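Work through these two exercises with the structure open. Try each task before reading its solution.

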Amino acid sequence: MKYDVADLSLASEGKKLIFWADNDMPVLAAIRKRFAKSKPLRAMNVSACLHITSETANLARTLKAAGANVVLCASNPLSTNDKVAAALVKDFNIAVFAVCGENRSTYYKHINAAIDHKPVITLDDGADLVNELHTRRRKEAHRIIASMEETTTGVIRLRAMEKAGILKFPVIAVNDAATKHFFDNRYGTGQSTVDGIIRATDFLMAGKKIVVAGYGWCGRGFAMRARGMGAIVVVTEVEPIKALEAAMDGFTVMPMAEAAKLGELFVTLTGNKSVIRAEHFRLMQDRAVVANSGHFNVEIDIPALKRLSKKVNRHVRKHVDEYVLKNNKRIYLLAEGRLINLAAADGHPASVMDMSFATQALEAEYVTKRKGKLAVAVHDVPVEIEQRVSALKLKSMSLDIDELTAEQVDYLTSSAEGT
Ligand SMILES: NC(=O)c1ccc[n+]([C@@H]2O[C@H](COP(=O)([O-])OP(=O)(O)OC[C@H]3O[C@@H](n4cnc5c(N)ncnc54)[C@H](O)[C@@H]3O)[C@@H](O)[C@H]2O)c1
């Protein structure tokens, strides 16, 4: 088996992390048990470009239990857990091409190794694998039954490809499933972004002025949690309804040009580029901390920050670079502007990834059953899958809910009664 991981001797630690996460992933475990019997992906090659974490390891185990030959590569150069990568290779016989801190050329070499596997199903977090299958490796695209996309930024890229008429195979927007973004983006990113910032800086949230750029699913989650820890939270937005929602949720809303003067910590969660740029850095206070939890490292204009600086002190603390501006103010950039929750912490807790990855696993079965029948388009996850995942999660939490009575079903489906 070919693979490229940092150090196989880390495997025993990685195996413990994988089993620890598995304890909190009961829905995925139930699916794995069923897949092990029915083998819905028998002998199929599957390549997944995902963050290499203990939760992803349990998804890979599930796909393997279903009969698939699975290869993994990283969806971000800084998010790989080298211990988990080693354990996947050594203990679970799953090929991994991912090394934490890999450079751009190795990152793409690894994606290409996953394509060399000749997959019929792909999974992506940010659409880099699919993009490669539409550009440099487009001759390999004919084989793909479908691809599944895990994050908002990936879905945006894929919808743009669909609109431009260049999409070559069906894609499932797993991110857009309620079982994914309601929980993973909001509670997962919300909590783990706080975790990553604290681990990187030892920052006290209480009483601090924190500026949150973007009040989408991730931004709401982070803003809510930062406030819960006593921070004074300011939200910046470009979309009026979201801005209004933030205001009515009790946050102060203002443009970045004003917030830049106030903030002690800035966090971008927009999926957009150059959200914090030169004009904002110039206004910031001495020792302002800047971090990103959106998918790509483009939300903070790092080249502009470099141009404004007379000196950069790398790694004044792990994951912290100190930029000394020409006006002598210092700005601390965390994790090189990459996803702070994955670079400096463990990413989302397993309990929330349970639902995202259960949705992924059931989708893999779904697209296989519909091989050749799905239109070349970006598809939503069918509501039956969302309901199945939610019901299993509630069961795992020992929560029961009410059922509609026959009278209620009748009432909700008729226009006859008003009183
Ligand atoms: N860190 C993680 O683990 C993680 C997890 C899930 C998603 N993501 C990524 O986080 C990003 C946000 O995802 P989401 O699901 O919250 O998306 P979303 O679409 O729900 O929210 C993004 C928000 O940002 C706002 N926005 C866009 N440009 C802006 C600007 N210049 N200034 C202020 N606000 C702006 C939009 O109006 C929108 O409300 C995406 O890149 C997504 O891929 C990261």
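A polar side-chain atom of Asn272 lies 3.0 Å from a nitrogen atom of the ligand. That is a polar contact (a pair of N or O atoms within 3.5 Å). The model is predicted: local features need pLDDT of at least 70, side-chain atom pairs count only at pLDDT 80 or more, and totals for chains, interfaces and linings use all residues. Residues are numbered from 1 along each chain as its sequence is written, and side-chain values use heavy atoms, with hydrogens and water left out.

**Exercise 1.** Describe how the protein surrounds the ligand.

*Step 1: polar contacts.* Start from Asn272, 3.0 Å from a ligand nitrogen. Add Thr153: an N or O atom in its side chain is 2.5 Å from a ligand oxygen. Then add Asn341, with a polar side-chain atom 2.8 Å from an oxygen of the ligand.

*Step 2: burial.* The ligand alone exposes 860 Å², and the protein buries 88% of that. Areas come from the Shrake-Rupley method with a 1.4 Å probe.

*Step 3: the shell.* Count residues with a heavy atom within 4 Å of the ligand. There are 27, and Thr151, Thr152, Thr153, Glu237 and Ser293 are the closest. By class, 7 are nonpolar, 16 polar and 4 charged. Gly counts as polar here.

*Step 4: helices.* H7 (152–163), H8 (178–201), H9 (217–228) and H14 (340–343) each supply at least two shell residues. H8 gives the largest share, 3 residues. Helices are DSSP runs (H or I, at least four residues).

**Exercise 2.** Determine how helix H2 packs on helix H15.

*Step 1: geometry.* The axes of H2 (residues 26–38) and H15 (residues 350–369) come within 8 Å and cross at roughly 25 degrees. Therefore H2 is roughly parallel to H15; the class covers angles under 35 degrees.

*Step 2: contact residues.* Contact means heavy atoms within 4.5 Å. H2 uses Pro26, Val27, Leu28, Ile31, Arg34 and Phe35. H15 uses Asp354, Phe357, Ala358, Ala361, Leu362 and Glu365.

*Step 3: classes.* This contact has 9 nonpolar, no polar and 3 charged residues.

Terms used:
A polar contact is a pair of N or O atoms within 3.5 Å; within protein, one must be able to donate a hydrogen and the other to accept it, and residues adjacent in sequence count only if both atoms are side-chain atoms. Axes are lines fitted to C-alpha atoms, for helices over the stretch in contact, and angles run from 0 to 180 degrees between N-to-C directions. Angles under 35 degrees count as roughly parallel, over 145 as roughly antiparallel, 65 to 115 as roughly perpendicular and the rest as oblique.
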